[in-house]
Amino acid sequence: MSTILSITDLRKSYADGFEALKGVSLDIQEGEILALLGPNGAGKTTLISTVCGITTATSGAVTVGGHSITTDFRAARSMIGLVPQEINLEPFETVLNTVRFSRGLFGKPRNDALLEDILKKLSLWDKRGNQIKELSGGMKRRVLIAKALSHEPRVLFLDEPSAGVDVELRKDMWEVVRELRESGVTIILTTHYIEEAEAMADRVGVIAKGEILLVEEKSDLMARMGQKELEVLLTDPIPAVPEGLKIHDLRLGEGGRSLIYTYDVKAERTGITTLLNDVAAAGLVLADVVTRQSSLEDIFVDLVSGEAA
Amino acid sequence: MNWIAVAAIYRFEMARFFRTLAQSFISPVLSTSLYFVVFGAAIGSRIDQVEGVSYGAFIVPGLIMLSVITQGISNASFGIYFPKFIGTMYELLSAPVNFLEIVLGYVGAAATKAMFIGVVILVTAHLFVDLTIQHPLAMVLFMVLTCVSFSLLGFIIGIWARNFEQLQLVPLLIVTPLIFLGGSFYSISMLPPVWQTITLFNPVVYLISGFRWSFFGMADVPVGLSLLAIAFFTSLCLVAIGWIFRTGWRLRS
């Protein structure tokens, strides 16, 4: 896979001194789905706005398909489709005309068959003659997606696509996104919903306070999530892990009151039975047993709160 | 040039106009008729002729200019302010278009609408007074240039405005007085000598004078000067818009 979007040391400061992006570097591969997670005000929308040309960067470079967004902006921008977070649409225009306008604005010749196909996929075809103001919130969001798809982008930004959207539409949208990926479109989506990132993304990036904290294959993250911890609470504290238990990969809990065992849930043998037998053999008395599994959300919260500290 | 984008913007803007065609049509016809009743019949009957032209006919070029200028400004300023207000500006800024294409689309549509109103008023005026146009080509040229240049000004106002009040501010406080004091309803020669000199600093004087010349062959200032003035004003607006898009003033954060 080749790099389709390359962001190098991108910075954005505002007149009041606020730094929204603090040297973001990120390479996105053609055909992948990258989910960008981050709390409110992390810089997700600023990053997208800067790549799309809505906000001017203070410094740094961005190329789309090898075209610089500043010196070769026409070629770069015609490859990008943007579905913004806010529902911003001309209220008095019809659905079809609004979508047709977007295609024209991006310099693409009229293609009614393609627009019909897009509108049908998004269940908007029956509403094509309706004014935007007559549509529900979910329908309006579909129109935003249709507009972005109308000019056949190679890279699609979805900024919080599920915000305020019902479950049914969210599932429909995931389906559309998967189909787009199959047709070779690269997708970058920002989201608050970990579930959404888990369901769709190939890679997950975490952004906080204008910095990328992590970009990792989702499968690697899932592997990390596949790790489970078993904590054996003891009635009497011990100073160190007893000799007889050293064959197990154990850590001593706080104050020597517990033993913590990490294991892989997907492994054929977890080793729990042997461990518990050995614990009894070492003469330790169990008070309780607790298990824990980290989720993408835990990893995310850890990263972001670690950054805040 | 991304001509498809220019056409897309133009069509989208014209669609707004056609949605409210009845209002667009009725309001200029009604206001022109009112002007003719008040100025032409009531006051005009007491003013015999102005430089050999009946007063009713004399005010026609000024009336057309008044409407064309205000329509050009309000159409263009609203056209570009509305996307800012409802937030659809993001699409324009992220599209592969440059400032010239955006201006051509928006200003082209605004100027077309203003031109349409101008023609409607001209036709309405024909119902009230006898009109002969001595230089029809020059008349069309003056009208087109005025529509374009004031639509450009309106475009700048639309980008500058942060709210609907500001959108009205410049037309109300500056443009309307300039038009009324620019000889729309009188000849400059009717003024005392001091005011004749002061009036020459009003750019609208040159437009109305040139336009009136194309109708009746008489002018307050030489026609060449009128053309020069309008060319200068148009260039000034273009330079300002070029600067706005280069710096992203009030467009990009």
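**Briefing: strands of chain A and a helix of chain B**

In this predicted model, G81(A) stands opposite L156(A) in strand β7(A). G81(A) belongs to strand β6 of chain A, residues 80-83, and this strand pairs with β7(A), residues 155-159, in the parallel sense over four bridges. The points below cover strand β6(A), chain A as a whole, and helix α7 of chain B.

**Strand β6(A)**
- G81(A) and V83(A) point one way from the strand, while I80(A) and L82(A) point the other way.
- All of these residues, on either face of β6(A), are buried.

**Chain A overall**
- Chain A contains 10 helices and 14 strands.
- Its radius of gyration is 25 Å, whereas the globule rule gives 19 Å for 309 residues, so chain A is more spread out than a compact globule.
- Along the principal axes, the C-alpha atoms of chain A fill a box of roughly 80 × 45 × 35 Å.
- Buried residues make up 48% of the 309 in chain A.
- Among contacts in chain A with a separation of 6 or more, 70% are between residues 24 or more positions apart.

**Helix α7(B)**
- Helix α7 of chain B runs over residues 164-180, 17 residues in total, and reaches 24 Å from its first C-alpha to its last, close to the expected 24 Å.
- A bend of about 30° occurs at L172(B).
- The N-terminal end of α7(B) is capped by N163(B), with a side-chain oxygen 3.2 Å from the backbone nitrogen of E165(B).
- L167(B), V170(B), P171(B), V175(B) and I179(B) are the buried residues of α7(B).
- These buried residues pack against α3 (55-86), α6 (136-160) and α9 (203-216) of chain B.

Definitions and conventions. Residues numbered from 1 in each chain as written. Chains lettered and ligands numbered in written order. Heavy atoms only, no water. Helix = DSSP H or I, 4+ residues; strand = E, 2+ residues; numbered from the N terminus. Expected span 1.5 Å × (residues − 1). Bend = angle between axes of the 7 residues up to and from the residue. Buried < 20%, exposed > 50% of the residue type's maximum accessible area, 1.4 Å probe, protein only. Contact = heavy atoms within 4.5 Å. Polar contact = N/O pair within 3.5 Å; in protein donor to acceptor, adjacent residues only side chain to side chain. Pairing = 2+ DSSP bridges. Rg over C-alpha atoms; globule rule 2.2 N^0.38 Å.
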